Amino acid sequence: MDWLEYENKALSAGYNVVCGVDEAGRGPLAGPVYAAAVILPNGYVVDEVNDSKKLSEKKREMLYDRIISECVDYSVGTATVEEIDKINILQATFLAMRRAIEGLEVKPDIALIDGNKKPGSSIDEWTIIKGDAKSANIAAASIIAKVSRDRYMLEMSQKYPQYQFEKHKGYGTKLHYEMLEKYGLSDIHRRTFLKKILNDEQ
C-alpha cells in the first residue's frame with residue numbers, strides 16, 4: 001500500500017504544495033457538514049493513519065493531536081444546517097471543502113479530493129475515489145474532519161440533551177428516530193432530511 005502514490009504523482013507533475021481534503025457528516029440528520037484540508041510534509045505519512053471510519057474514537061483523537069502537531073498546515077471548513085437545507089447536501093459539502101482550502105495559511109498548489117467530484121476551489125483539484133484509504137493527506141484530513149465534527153456534536157449534546165447526540169452524533173440511528181418522534185426537530189436538525197417528520201408535526 002503506497003500512501004504517497006498520488007502525492008508523488010502531483011510532485012512529479014510540478015506541484016510543490018499538496019493538500020488533502022475530506023468531509024465528515026454528509027449523512028446525518030442533524031448538525032453541519034464538516035471538511036478539512038491538511039498539508040503534510042512532503043514524503044510524510046502519519047503512523048497508523050487509516051480511513052477514519054475504520055478507527056476507534058480513541059485512536060482518532062490520538063491521531064488528531066499528532067496530525068495537528070506534525071502537519072505543515074490544516075484548516076477546517078463547515079456548512080451550516082441552513083446552508084444544507086438551502087443548497088442541498090452535495091453543494092454544502094463542496095462549500096465546506098472550499099472554505100477548508102481557503103482557510104489554509106500555507107497556500108497549496110493542488111488539492112487531492114476524496115470522492116469523484118471536484119468542489120470547485122481556486123486551485124487545481126484531483127479527485128480520488130476512496131481517497132481516505134489511498135492518500136496520506138486525505139486520510140489525515142478525514143481524521144481532522146471527523147474528530148472536529150464529533151466534538152461539535154458532543155457540545156450540542158449539552159445544549160439538546162434530550163436527543164442524546166453523544167451516542168449517535170446526529171446519524172439516523174433507531175435511538176435518534178425515537179427521540180425525534182418524542183421531541184420533534186431541534187434548531188440543528190436538517191429540515192430537508194426530515195420532511196416526513198416535519199409534515200407529521202404540521
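1. Start with Tyr163, since it is worth a look in this predicted model. Its relative accessibility is just 2%, so Tyr163 counts as buried. Its partner is another matter: Tyr183 has a relative accessible area of 40% and is partly exposed. The two ring centres sit 6.1 Å apart with the planes at 70°, so Tyr163 and Tyr183 make an edge-to-face pair. Tyr163 belongs to the loop between α5 (136-159) and α6 (165-168), while Tyr183 is in helix α7 (residues 174-183), so the contact ties together parts 20 residues apart in sequence.

2. That pair is part of something wider. Tyr160, Tyr163, Phe165 and Tyr183 are linked into a cluster by ring pairs. Across the structure, the count of aromatic pairs is five.

3. Now the Tyr15 and Trp126 pair. This one is edge-to-face, at 5.9 Å centre to centre and with 90° between the planes. It links distant parts of the chain: Tyr15 is in the loop between α1 (5-12) and β1 (18-24), Trp126 is in strand β5 (residues 124-128), and 111 residues separate them. As for accessibility, Tyr15 comes out at 18%, which counts as buried because the cut-off is under 20%. Trp126, at 27%, is partly exposed.

4. Two arginines sit over rings, so to speak, and both are easy to pull up in a viewer. Arg151 has its charged end over the ring of Tyr64, 4.2 Å from the ring centre. Arg190 lies over the face of Phe193, and here the distance to the ring centre is 5.0 Å.

5. On to the nonpolar cores. As a general matter, nonpolar side chains in soluble globular proteins tend to be buried together. The largest core here has 21 residues, and Val38, Leu40, Val46, Ile67, Ile143 and Ile144 have the most contacts inside it. At least two residues each come from β2 (33-39), α2 (57-70) and α5. The top contributor is α5, which gives eight residues. Apart from this core lies another one, of 20 residues, including Ile84, Ala96, Ala100 and Ile101.

6. What about enclosed space? Searching the whole structure for cavities of 30 Å³ or more turns up one. The largest cavity holds about 40 Å³ of space. Its lining is made up of Leu4, Glu7, Leu11, Val18, Leu40, Pro41, Asn42, Gly43, Tyr44 and Asn137. Sorted by class, that lining has six nonpolar, three polar and one charged residues. Note that Leu40 turns up again here, lining the cavity as well as being listed for its contacts inside the largest core.

7. Last, the open space. The largest pocket has a volume of about 170 Å³. It is lined by 13 residues, and Glu23, Ala24, Gly25, Lys53 and Tyr171 are the closest to its centre. Both β1 and α5 supply at least two residues of the lining, with β1 giving the most, three residues. Which classes make up this lining? Seven of the residues are charged, four are polar and two are nonpolar. Set that beside the lining of the largest cavity, where the split is six nonpolar, three polar and one charged.

Terms used
Residues are numbered from 1 along each chain as its sequence is written. This is a predicted model: local features need pLDDT of at least 70, side-chain atom pairs count only at pLDDT 80 or more; totals for chains, interfaces and linings use all residues. Side-chain values use heavy atoms; hydrogens and water are left out. Rings of Phe, Tyr and Trp (its six-membered ring) pair if their centres lie within 6.5 Å; planes under 30 degrees apart count as stacked, over 60 as edge-to-face and the rest as tilted. Helices (H or I, at least four residues) and strands (E, at least two) are DSSP runs, numbered from the N terminus. Buried means under 20% relative accessible area, exposed over 50%, partly exposed in between (1.4 Å probe, protein chains only). A charge sits over a ring if NZ of Lys or CZ of Arg is within 6 Å of the ring centre and within 35 degrees of the ring normal. On a 1 Å grid over the protein atoms alone, a cavity is a set of points where a 1.4 Å probe fits but cannot get out, and a pocket is an open set with protein on both sides within 12 Å along at least five of seven lines; lining residues have an atom within 4 Å of a point. Grid points are joined across faces, edges and corners, and a volume is the space filled by probe spheres set on the points. Ala, Val, Leu, Ile, Met, Phe, Trp, Tyr, Cys and Pro count as nonpolar, Asp, Glu, Lys and Arg as charged, and the others, Gly among them, as polar. A nonpolar core is a set of buried Ala, Val, Leu, Ile, Met, Phe, Trp, Tyr and Cys residues joined through side-chain atoms within 4.5 Å.
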